[in-house]
Amino acid sequence: MCQVPAAKEIFSRSSMDSCGKRGGKELPNGTSSATTSTSTSTSTTTNAAAAGGNQGRLAVKWWVPPASSRSSGSKSKGQKIGEKWYGTLLLLWLLGGICVSIWVYRSMNAGNIRRHRELLDNMCDERAWMLQDQFTASMNHVKALAALLRTFHLGKQPSVLDQETFAVYTKRTEFERPLMTGVAYAQRLFHSEREAFERRYGWEIKTMTTKKVQSPQAEYAPAVFTQNSLSYLESLDMLSGKASAPLFCFSFSHAELQEDCDNILRARSSGKGVLTTPMRLLESNHLGIVVTFTVYKEDLPEDASEEERIAASAGYVGGAFDFELLVTNLLKQLAGSQSIIVNVYDVTNESKPLLMYGPDAYLEGRDVHVTELDFRDPARKHEIRCRFHNPLPISWSAITTSVGILVIVFLVGHILHAAINRIQKVEEDYRRMEDLKVLAESADIAKSQFLATVSHEIRTPMNGVLGMLQMLMDTDLDPTQRDYAGTAHESGKQLIKLINEVLDQAKIESGRMELEMVPFDLRTILDDILCLFSAEIKDKGIELAVFVSEKVPDVLVGDPARLHQIITNLVGNSVKFTERGHIFVCVHMEDELTTVSKEEGFDSCNTLSGMKAADPRLSWDSFKSLVGGLEDRNCGELTDVRIVFNVEDTGVGIPLLAQDRVFTPFMQADSSTSRNYGGTGIGLSISKCLVELMQGSMDFVSQPGIGATFRFSVVFKRGEMKMPEARYPHISPKHSQMARLTPCLKNMRALVVDGRPVRSQITRYHLQRLGMQVEVVNDIPAALSGGANSRSLDMVLVDKDSWGPGSGLVVPQKLKDAGGRFKNAKFILLAGSAIDNEPLKTAPSGFIATHHKPVRASSFATFLEKVFGFGSKRLNGREISQGSRLHSLLSGKQILVVDDNKVNRRVAAGALTKYGARVECVESGKAAIARLQPSHEFDACFMDVQMPEMDGFEATRKIREAEGHDCKCRLPILAMTADLIQATRDECTKCGMDGYVSKPFEEEQLYKAVAKYFESSAKPNDLKGKSE
């Protein structure tokens, strides 16, 4: 919908006084019929109108604020409750968000701690497994050494091993025991065997602590074979104290020595390797332990008893482990060793664990992981304790996530708070807008009532003026008097046209403009527009032409009246602002527009008149793509078609500064425009809005001093190809007249001689519409060289502008002298308005007639009817005019005219009597009801809408109620009013009226209104008799 700014309309009481009365009579109940037509308006307006009615005026107080607007400042109880709930919900949202944020932090932090703990557990378990594996491997090598001694020392006599061999062997295999400082073998010896043993080895058995000769004992265990690194252990009794004590420690208590002796005895009785308590190694000062295996004389079964094991014992193999070095090397091999602290403990005595590796502080707490170690000694327990070197880092992800959630919660809360405030403000604004809407609707209704009243009050006297002038012109007047009366009548029609434009603008502003959907012939409408401006362009000496592409359907469905108004406005403006050159209306399909717009190499001077145009797309270079042979333009699958209209002129153009406000209502290029050319500046605004209502758009191209081209596209529906005139009265009678003459002109051959290719093709287009075969040439030499063997021509049309130098009026004679196809041709001159006396000059030179441009099919068919004498065969050559058709329809009809205005009654009666009707007049609705009781003799009723006491709507309703539902006695009632508002038309249909006739009467409108009621009663012989 086109939106046009509307001026504020505030009507004072004095202005309303002039609107509330008609002809000095006060309206009943203080309201006019226009108020009745808007009875569905708001109660505020109705009450205001009623208040004004008490004073006998149409005083609609639309500016009085309604009660709702005066109380909108106070909040209702429901609003206060809603605001309280809004606050509570917002607080709950914030509290819930804080709880969720805390829960997310705790959950993520717990997950982080759990992952941290799992990582520590995995790292600690991995170190424990590797420590066990390496320690077990070293113990297995010691055990393998015990098997070697049993095989090669005890099992061979004499023994194949001695100290030197043992030292070499252990030296070469120490790579298998990288974490052991050395190994030694002590032989089990009883006291009875001591003397022989000492003589054999050449040394005495000594104690471990004092290295003195061992005092007599029941059993000894002197070191026989040692690795070179432990050679100082040779001859020392291992049962005299802690094994390898000189190697491992500085001093020992009696309890420690006793424990070591017990370890050796335990190894002998169990058959497994046993471990000592942790001790400091003498040389490295590292913590270490000693592992001891018993060497048996023979293989024992797994279930051998303790006594059997003790009896079979032959010696003891021991090795010292540097446990601290073992763990250190192990941690170096693992990644992340620097990130955790590892402690290894001997927890055989759980109340007093012994540190084997790590810091002195005992590791304990929730952040410490404990893993048990299995070193293959059932009597001893070991464990590894691990914790991270640094405390658990702060869980920044948990903090940022929870803080982010908290921020989001507060942001959402802020948004909700702002949204609630916004909603409350919008609701408050909505309530205010509702109040303002009531005011605006009241103002709009008042405005509509004012326009209806003003329209009626202005058009009513104008109806009398125009009607009386028409009746005056129907009398015998001398030429001067007829000229005066005609001038006054034409001026009145221009005033009516201006009123209609203002009302159209008002309807567009209020959104009440509605379009009709009726079939129409586009080409006939354009012919009518050519006829409308033909006299004016003859006076100016400019050319006016119309061309419609063959692809445009013959019949379209839409609003022909509004289309006629749009094109008339554009052509009227072009005629107004063009003093030379041409005005060209070109119509084609939208898909053709794309083809045309892609053309290149335009010659903007090769136009209809040869003058340069603002938009070169209608010059011959692109226009020729629209020219084609006749084709079936009514076939097509699309129901909706978009038609493009172009109106080109070579006038003064539009100044660049004024082009932005061309479509602004009541605006013109400058102040001198209205002085020089007249007009209100409203036509283009209305045209653009009407185009947009038809689902189209309008634009223009203009160059100052060259001209302007307006282009608009609209959407129509494709209509039926064959349309009887009686079914579609919107098709002009000229269409049927042209159809009547087309069979006579069909297949006639014509030659057009014109130097302008655009103009020649337009002439060809109009002749082809009549069914003629047309050939086009540029000049006389081209016509002469057309071929002697061609078929003879029926007519030759020569445009005056195509005369060559010196040829002039001798063209027909030259062509006739050439003989051939020109022998029987009739020569017709196509001329403009520059030669008014041309027929006097052309007849002697061979031109049988002169046809004044613009060329249009309907007028040219009539012209050819006279030239070729077709009329002698049809109705004696006389055309049946629309007036005679009206006379045949209304002749003898009894018609009742109802109007409260005496002048209007005289005008209506005179207009209807002119066409043979018998007219009776009454002055009120009540009188009409009395005259139209059942069994009346009237054939139709023309009812005024606005009347005192009882308006036309109420009178029509009562007449319909009296008629009942009997369709046979239904009287055609036609509304007769000067009001053109759509609401009035709707009210006419609602109350039962059959049609609508606007004041003042026009022949075409009157014919369309009565044709469908009286057409069947008019006989063809009546038409023929009337024409004769």
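I'll go through one buried strand and two surface patches in this structure, which is a predicted model.

Start with strand E18, residues 582–589. How many of its eight residues are buried? Eight of the eight, so to speak of a mostly covered strand is fair, given that buried means under 20% relative accessible area. Now the two faces. In a regular strand the side chains alternate between the two faces of the sheet. Here, His582, Phe584, Cys586 and His588 point one way from E18. Ile583, Val585, Val587 and Met589 point the other way, and both sets are buried.

Next, the neighbours of E18. Strand E16, residues 543–548, pairs with E18 in the parallel sense, over six bridges. If you want a place to look, Ala545 has Phe584 of E18 as its bridge partner. Strand E19, residues 640–649, runs antiparallel to E18, and seven bridges join the two. There, Cys586 has Asn646 in E19 as its bridge partner.

Now the surface. Trp85, Leu89, Leu91, Leu92, Leu95, Ile98, Ile102 and Phe410 make a nonpolar patch of about 810 Å². Which element gives the most to the nonpolar patch? That is helix H5, residues 77–154, with seven residues. Leu91 is found in H5, and it counts as exposed because its relative accessibility is 51% and the cut-off is over 50%.

Last, the charged patch. Glu302, Asp303, Glu306, Glu307 and Glu308 form a negative surface patch. Glu302 lies in the loop between strand E9, residues 287–296, and helix H10, residues 306–312. With a relative accessible area of 78%, Glu302 is exposed.

Terms used. Residues numbered from 1 in each chain as written. Predicted model: local features only at pLDDT ≥ 70, side-chain atom pairs only at ≥ 80, totals over all residues. Heavy atoms only, no water. Patch = residues over 30% accessible without salt bridge, like charges linked within 9 Å, V, L, I, M, F, W, Y side chains within 5 Å. Areas by Shrake-Rupley, 256 points an atom, 1.4 Å probe, with all protein chains shown as cover. Salt bridge = Lys/Arg side-chain N within 4 Å of Asp/Glu carboxyl O. Lys, Arg positive; Asp, Glu negative; His and termini not counted. Charge placed at Lys NZ, Arg CZ, Asp CG, Glu CD. Helix = DSSP H or I, 4+ residues; strand = E, 2+ residues; numbered from the N terminus. Buried < 20%, exposed > 50% of the residue type's maximum accessible area, 1.4 Å probe, protein only. Pairing = 2+ DSSP bridges.
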